[in-house]
Amino acid sequence: MKKTHKYIFVLGGVMSGVGKGVTTASIGTILQSKGFKVSLIKADPYLNVDAGTMNPTEHGEVFVMNSGLETDQDMGNYERFLGMELPPENYMTNGMVFKHIIDKERALGYGGKCVEPVFHVTEEILRRINASVKKLNPDVTIVEIGGTVGEYQNAIFIETARILKLRHPHDVMFVMVSYLPVPGNLGEMKSKPTQNAVRQLNSYGVNPDIIIARSHMPLDLKRKQKIADSCGLLPESVISAPDIESIYQVPVNFEKDGLSKIILKFFGLAPRQKDLKEWRAMLEKVRNAKKEVRIGIVGKYFDTGDFILSDAYISVIEAIKFSATAQGVKAKIDWLNAKDFEKGKDVAMLQSYDGILIPGGFGESGIEGKLKAIQYARENNIPYFGLCYGMQLMVIEYARNVLGLKDANTAEINPKSSALVIDIMPDQKKKLAEGNYGGSMRLGTYKAKLKKDTVAQKAYGKNIIEERHRHRYEVNPEFIDRIQEAGLVFSGTSPDGTLMEIAELPRDIHPFFLGTQFHPEFLARPLSPHPLFTEFIKASLVFKEKRPKPIAVPASLLTT
Ligand code: GLN
């Protein structure tokens, strides 16, 4: 019998920001654990052709895929939950879809036809979903539609889903992630906004088959029944999704309410295997971790509050946590504003951290503060991990303070510097001169070769690696020899040896002082942490143990 593909569309009701992405990823994880091959697609309503041009303080992290496509942070959650790498076909924006259609129309690709939103746009969206199905050949494809039901801008995706359902009534399912507020003055969970959201969805000709009821507390039976009655589904299809500590508990929580049973029954499928075994073991490890490792992240996206801040660095945070969990400890992460060190905050406060990390970034702001932090970590043997910009700045700091090139800088900040140790890549210069900014950096997966017996090579346990990139600048070849003679080792380079991919100090000089031109955080997974993050956490734990403990004063000496 020919295999029929199953599709689940995940839509948001009531309001955004309640965890549609995590819900989508969790449904994927559950089905995967039942033995099905799962694929996850994100359809975003905005007109940007990709997420690369968006400010992380407004939109969260830009997640880079193997292909180099710059996407929404939800794609990161998808890859982390599924533990797999997804192709570019699994991400689309209205901008991407419209651009394709308009370019085709300008090239007479529609043979004189009137090009219309419903049909040509919906068919183009279906073509993209189909291309993903063809590429991965999954059993189930889950498509998350960005935004909330009732918005003008995501309507075309919902219309597309409706058309697919019409063509394959038994193979398409709708899940609505809704929100049930508990107003402080009432202390009671209200279901009316959910009922209204379902009405909105009904006006598109769609009814949800499952409602994920997000709230800060679990849903009681009475409310399940009420939502079921008013929204036209069975009470067991209303899944309770209370706030929880870690997003990785969501699949287990959904299963408590029997989510996979409902989905498999709908599609007429039988589970092929049991359980979320490895997943549960990982959660158990998180629960049992008592000891802490304190990591200070010195960054700059601090201006819009904690919520957005952690969104801007989500892959870095998750990567730290995965490696900490694997070492049986809890990561306590503090945000340190680089600009504060410029304004006179004493860098010696870094002494209280077990490890310091500087993530990727762009532009001038906070740079001198970050350089001070790197110098302090280097001179005081505090483990330091630099990602992309964090590696470039590490090279600048070394050039300034060890080589004595006081003017050392990156062309991104001061192209007139007399010691441009970080310079723009030649092909990038041309792109910028042409005003070609979107999707034009050195993006996606590249191979690198590692030098034998270095910290990096030992951590990876192999000689050739593949990692994801997103940058325009690189270590200037003119300075490589001088930097290495002064002791900093380029332990990873492009296979032809021209691009510097990893810089480090040898173990006998510093316990861990390492930076990568690539973004290892994009490949860290809960069930397979990234080796470099793990090495950083291990070094941080050793540093923590070695740090002189405050001397306990005997009670007899205390004056009362
Ligand atoms: N701004 C630097 C560059 O373009 C680093 C980029 C990054 O950290 N992702 O090379």
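Which residues of helix α10 (residues 259-267) are buried? Keep that in mind; the tour gets there after a look at the whole chain.

**The whole chain**

This is a predicted model. Show the chain as a cartoon. You will see 20 helices and 21 strands. Turn the C-alpha trace along its principal axes: the spans are about 80 × 70 × 45 Å. The radius of gyration is 26 Å, which agrees with the value near 24 Å for a compact globule of 560 residues.

Now switch on the surface. About 24,300 Å² is exposed, and carbon and sulfur atoms supply 54% of that area. Buried residues account for 57% of the 560 in the chain. Contacts reach far along the sequence: of those between residues at least 6 apart, 74% join residues at least 24 apart.

Colour by charge next. There are 73 positive and 65 negative side chains. The centres of these two sets lie 5 Å apart.

**Stop 1: helix α10**

Select residues 259-267 and show side chains. The buried ones are L259, S260, I262, I263, L264 and F267. What lies over them? The cover includes two helices to select, α1 (20-33) and α9 (250-256). It also includes strands β1 (6-12), β7 (172-179), β8 (210-215) and β9 (238-242).

Step past the end of the helix. G268 comes just after α10 and takes a positive phi of about 70°.

**Stop 2: K42**

Go to strand β2 (residues 38-44) and pick K42. Is this lysine buried or exposed? K42 has a relative accessible area of 4%, so it is buried. Follow its side chain to that of D44: a polar contact of 3.0 Å joins the two.

Now show what surrounds K42, setting aside neighbours within four places in sequence. D72, D74, M75 and Y78 are in contact with K42. So are N90, Y91 and M92. E144 and G146 complete the list of contacts.

**Stop 3: S540**

Jump to helix α20 (residues 531-546) and select S540. Its relative accessibility is 0%, and therefore S540 counts as buried. Where does the side chain of S540 reach? Look for the backbone oxygen of D354, at 3.3 Å.

D354 also appears among the contacts of S540 beyond four places in sequence. The others to display are V293, I295, G355 and P383.

**Stop 4: two loop residues with positive phi**

Select N381 in the loop between α15 (367-379) and β13 (384-387). N381 is not a glycine, yet its phi is positive, about 60°. At 35% relative accessibility, N381 counts as partly exposed.

Then move to D453, in the loop between β16 (442-450) and α18 (455-460). What is the phi of D453? The value is near 60°, which is positive in a residue other than glycine. D453 counts as exposed because its relative accessibility is 56%, and the cut-off for exposed is over 50%.

**Before you close the viewer**

Put K42 and S540 on screen together. K42 is buried in the model at 4%, and S540 is buried at 0%. Then add the two loop residues. N381 is partly exposed, whereas D453 is exposed.

Key. Residues numbered from 1 in each chain as written. Heavy atoms only, no water. Helix = DSSP H or I, 4+ residues; strand = E, 2+ residues; numbered from the N terminus. Buried < 20%, exposed > 50% of the residue type's maximum accessible area, 1.4 Å probe, protein only. Polar contact = N/O pair within 3.5 Å; in protein donor to acceptor, adjacent residues only side chain to side chain. Contact = heavy atoms within 4.5 Å. Rg over C-alpha atoms; globule rule 2.2 N^0.38 Å. Areas by Shrake-Rupley, 256 points an atom, 1.4 Å probe, with all protein chains shown as cover. Lys, Arg positive; Asp, Glu negative; His and termini not counted. Charge placed at Lys NZ, Arg CZ, Asp CG, Glu CD.
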